[in-house]
Amino acid sequence: MVLLSMTASHHELDMSTLELLSTGAGSVGRAAVATCEAITGAVVVSTCNRFEVYLDVESPVDGWGVQHASREVARLVAAASGVAEDVAVRAFSTRTGPDVAAHLFEVAAGLDSMVVGEREIAGQVKRALEEAREGGVTSSTLELLFQTASRTSKKISNETTLGGNGRSVVSLGLDLASAELPPWRQVRAVLIGTGSYAGASLAALRARGCDDVRVYSGSGRAEQFAADRGVVAVTDLVEALEDADLVVSCSGARGRALAGGAGAGAGGARARVNAGAGAEGDQRLADGDALTAEGDDAPVDGDFFVGGGDALGHVLDAAAVVRARSRAAEAAGDEAPHRPMVVLDLALHRDVDPRVADLDGVLLYDLASLKAHSPALGSLVVGQARTIVDRATQDFEETRLGRAADTAVVALLDGADRRIAAEVAERVAERRIAGGEVDDADTEALARSVRRRVHAELHDAIVAARASALAAAREEASAVVADAEAAILGADVSGRDEVCAGR
């Protein structure tokens, strides 16, 4: 077995590329386990700024199973998102061995986030494991990996100040918006969406003193969301926007629409996007690679989308904002200046039409612009957190590899138990032959004495066997990782497709 991760994030890709790749992310893990015999478990982490697949791969030492697993996942991502398969392959950075654990632990702690130290990611990592568990596609090694990631994140939260200031994409967006808004108690906000991110956004607004919040959702869930949280639900978004100072959109409805239409093959749009610069050694998209997003020409479920709409169906488009702003201007007349509007688009699959940014009096922040404004965190705090991650990675590897060593130890203990039983039986027989009485208490006392002596003699052998088994496991794992990395970097895989046969 070897752990493999395929990651695409804000470090290597721009948001447009990441948006397309993650379309249909929810089906990738189940499909990977179902279609590739080498993959025994899969967990998918998909957030606003990353799309990552963690795999437990049953691989021979030559690493070809790992290579096939990565190619199969890339094929599934391409099929779900509509991107070309070779582009999907190059969009992911692939890790194997201890690097997988180190990366996930950093992700869960917020060290790899767009806003370093943000806390939402810890819950997202935990939910990713729960979803894989519900889908029946996790494995014992992935369970251990993700549970250790959650414990490591909690340890960093308890022992450092990382994340102590409530850092998050939501808080960063509200911090930037505040420069253009009235005092928070006077702000009139519209929240689009009813998911967990909407809940976090509402909590952040209230923490700043904003109580005038109206909630809109084309799915019909706004009323329940509003009733549970003491805010107002609205059914006419354009009307709600007329006097809004701030719009926070995080519905993800457009992403679900794209996931439903990807790969349909009817019409569709072609978007040309370039990857951003990544860390040294990461696989990157070359400039000019074309990504194809295929979908239906007709708008998807009109109840979700407001305004003129486009083929991809933004939840909020420029036409809706223009209508709302025009109505507000007519109502105000000459009595008051037209108040500006700030729009925060926190959805990976943009809820808001980018052309909204071109409207007078409207300031739009999307994830790409928030990334550009993300502040750095002190190196001392980051260093403390990374030290905890390093220790957790070492402990995880020792535990994982220790399972192989446990087999050797169990074999020694089984042999010791047989030796103890034989020696006790022999000594009991000798006493009886000599005419002595031996009852159950005498037999148990004799067994305890023999067991103490044999286990004491066995201690050094157990330590040596465990060390030898660990060394052998490390050597084998290193060989798999090395060969897998060599295979992933471009070896010819023709004639080996039997590894990824359907189950």
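The paragraphs below lead through some side-chain contacts, chain neighbours and a charged surface patch of this structure. The model is a predicted one, and local features are discussed where the pLDDT is at least 70.

A useful place to begin is with the aromatic side chains, for which a search of the whole structure finds three pairs. One of them is formed by Tyr 54 and Phe 146, whose ring centres lie 5.4 Å apart and whose planes stand at 90 degrees to each other, an edge-to-face arrangement. This pair links distant parts of the chain, with Tyr 54 in strand β3, which covers residues 50-57, and Phe 146 in helix α7, which covers residues 140-159, so that 92 residues separate the two partners along the chain. Both Tyr 54 and Phe 146 are buried.

From aromatic rings the reader can turn to charged side chains, among which the structure holds 16 salt bridges. One of these joins Glu 242 to Arg 327, with the closest N and O atoms 3.2 Å apart. Here too distant parts of the chain are linked, since Glu 242 sits in the loop between α11 (237-241) and β8 (246-249), whereas Arg 327 belongs to helix α13 (residues 318-332), 85 residues away along the chain. Glu 242 counts as partly exposed because its relative accessibility is 25%, and Arg 327 is likewise placed in the partly exposed class because its value is 37%.

Another salt bridge connects Asp 353 with Arg 355, and in this pair the closest N and O atoms are 2.8 Å apart. The two partners fall on opposite sides of the 20% limit below which a residue is called buried. Asp 353 has a relative accessibility of 3% and therefore counts as buried, while Arg 355, with a relative accessible area of 48%, is partly exposed.

A further salt bridge is found between Glu 423 and Arg 453, with 2.1 Å between the closest N and O atoms. The pair connects two helices, Glu 423 being in α15 and Arg 453 in α16, and the partners are 30 residues apart along the chain. Arg 453 counts as partly exposed because its relative accessibility is 31%. Elsewhere, Arg 50, Glu 52 and Asp 112 are linked with one another in a network of salt bridges.

The loop between α15 (379-433) and α16 (440-488) deserves a look of its own, for it contains Asp 439. Together with Glu 437, Asp 440 and Asp 442, Asp 439 forms a negative surface patch. Why is Asp 439 classed as partly exposed? Its relative accessibility is 43%, and that value gives it the label of partly exposed; it also lies over the 30% that a patch residue needs.

The last part of the walk concerns buried residues and the neighbours that the fold gives them. Ser 249 has its place in strand β8, and it counts as buried because its relative accessibility is 0%. The C-alpha atom of Ser 249 is separated by 8.6 Å from that of Val 315, although these positions lie 66 residues apart along the chain.

Leu 181 is placed in the loop between α8 (169-178) and β5 (188-192), and with a relative accessible area of 12% it is buried, the limit for that label being under 20%. Its C-alpha atom is separated by 7.8 Å from that of Leu 246, a residue 65 positions away along the chain.

Ala 108, finally, belongs to helix α5, which spans residues 98-109. A relative accessibility of 1% is the reason why Ala 108 counts as buried, and the C-alpha atoms of Ala 108 and Gly 123, which are 15 residues apart along the chain, are separated by 8.2 Å.

Terms used
Residues numbered from 1 in each chain as written. Predicted model: local features only at pLDDT ≥ 70, side-chain atom pairs only at ≥ 80, totals over all residues. Heavy atoms only, no water. Patch = residues over 30% accessible without salt bridge, like charges linked within 9 Å, V, L, I, M, F, W, Y side chains within 5 Å. Areas by Shrake-Rupley, 256 points an atom, 1.4 Å probe, with all protein chains shown as cover. Salt bridge = Lys/Arg side-chain N within 4 Å of Asp/Glu carboxyl O. Lys, Arg positive; Asp, Glu negative; His and termini not counted. Charge placed at Lys NZ, Arg CZ, Asp CG, Glu CD. Helix = DSSP H or I, 4+ residues; strand = E, 2+ residues; numbered from the N terminus. Buried < 20%, exposed > 50% of the residue type's maximum accessible area, 1.4 Å probe, protein only. Phe/Tyr/Trp six-rings, centres within 6.5 Å; stacked < 30°, edge-to-face > 60°.
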